[in-house]
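Work through the exercises below with the model open. Try each task before reading its solution.

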Amino acid sequence: MGPLSIFSEFSEGLNLLIGFLIGIGFGFALEQAGFSSSRKLAGMFYGYDTTVLKVFFTAAIVALIGSQLLSFFGLLNLNLVFVNPYYLGATIVGGTIMGAGFIMGGFCPGTGISALSIGKIDALFFLFGGMVGAFLFAETFPFVQTLAMGSYKGPLKIDEWLGVSPGVFTLLLVIVAVGLFWLAELAEKKFKRPEITSEF
Amino acid sequence: MNKKSYMNPYIAGVLLGLVLLSAMFFSGRGLGASGGLKYTVVAAVAAIDKDHAMQSPYYSKYFEDGKSPLKSWLALEVLGMILGGFISGAISGRLKFKIEKSPKISNKKRLLFAFLGGVFFVYGAQLARGCTSGAALSGMAVLSVAGFVTMISIFGSAYLFAWFFRKLWI
């Protein structure tokens, strides 16, 4: 039964090896998706390339349905899988700062690492900036501590919050995603920029 | 080498979803990226000024009980990402040193905004306790409210600011 690291009592070395192997899969999938190209990623916000939306929602839904099926068949204890803690203010303010960084830099940290791995120099600058950002956060932590630690809601789950079963919420999410995919395909036709999307 | 086109986005999404599912099944956790950058910074600060790191409530927690930030699941995962991306680029003929940018802007401008974007993104990720990978994608897969709110905040904000930075891209 999973998580295997807990039930099979993995050694530290084995845990690290699995992290490394999962990282290989993660980096491979991001690069194959085209996430190593900043102009492809930025297309999401101007409509000419919506790969980000398609990959992101498909991945979230596959992992969501997969983990619920594993749990249903008794193969994975979802209570032992990490659920992100919810600090309302920090999440919204942090997310907004991240969005500004996304449109300036053209990457998020994961896609920046993906782009660096195939030799993009702009990704190197983005990641170096990212390290400066982490350093600035650590040094300014006392000033933003109230925001960072405030309005803590615990590891709140959205199905519980809305009062529906996980299955019903998953179905709703799939319907929303299909609607968004349809809009995304329309947007790519309306805002197409073949000189950008054919370059890579 | 012949340059191959990218994978169909829906198939790539399934692949990424299976990688995320593996992380949940094997290690009981999601994927991450900004955390790996943070660990590098924590290790670098401790290497340069050990006293500063140990006195700071922010850095010191990464060294409790003899822990080492670079010997962590996330740090190894980020190392793996570089190898995985390199293998993908090699297979598809995309390995090349280049600065990717709109022809309307200079290299210097692209690199400056790439740097600034990185500063903003990872600062925000520390505040929100995760980036697009660790908070938004992995968070949504475990149905956490934090995951959905992070996703909406990142994308909403990027759309909001897109008009101001349009010259960088289109």
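The exercises cover one chain, its contact with its partner, and one helix pair.

This is a predicted model: local features need pLDDT of at least 70, side-chain atom pairs count only at pLDDT 80 or more, and totals for chains, interfaces and linings use all residues. Residues are numbered from 1 along each chain as its sequence is written, and chains are lettered from A in the order in which they are written.

**Exercise 1.** Find how many helices and strands chain B has.

Solution. Take helices as DSSP runs of H or I with at least four residues, and strands as runs of E with at least two, numbered from the N terminus. Chain B then has eight helices and zero strands. Its C-alpha atoms fill a box of roughly 50 × 40 × 35 Å along the principal axes.

**Exercise 2.** State how many residues each chain brings to the contact.

Solution. Two residues are in contact if their C-beta atoms, placed from the backbone, lie within 7 Å. Chain B gives 108 residues and chain A gives 110. Several helices of chain B supply at least two residues each, among them H1 (9–27) and H8 (145–162).

**Exercise 3.** Determine how H6(A) and H7(A) are oriented.

Solution. Start with the axes, lines fitted to C-alpha atoms over the stretch in contact, with angles from 0 to 180 degrees between N-to-C directions. The axes of H6 (residues 109–117) and H7 (residues 121–149) of chain A come within 8 Å and cross at roughly 140°. Therefore H6(A) is oblique to H7(A); angles under 35 degrees count as roughly parallel, over 145 as roughly antiparallel, 65 to 115 as roughly perpendicular and the rest as oblique. Now look at the residues: A:Pro109 and A:Leu116 are among those in H6(A) that meet H7(A) residues, including A:Ala123 and A:Gly130.
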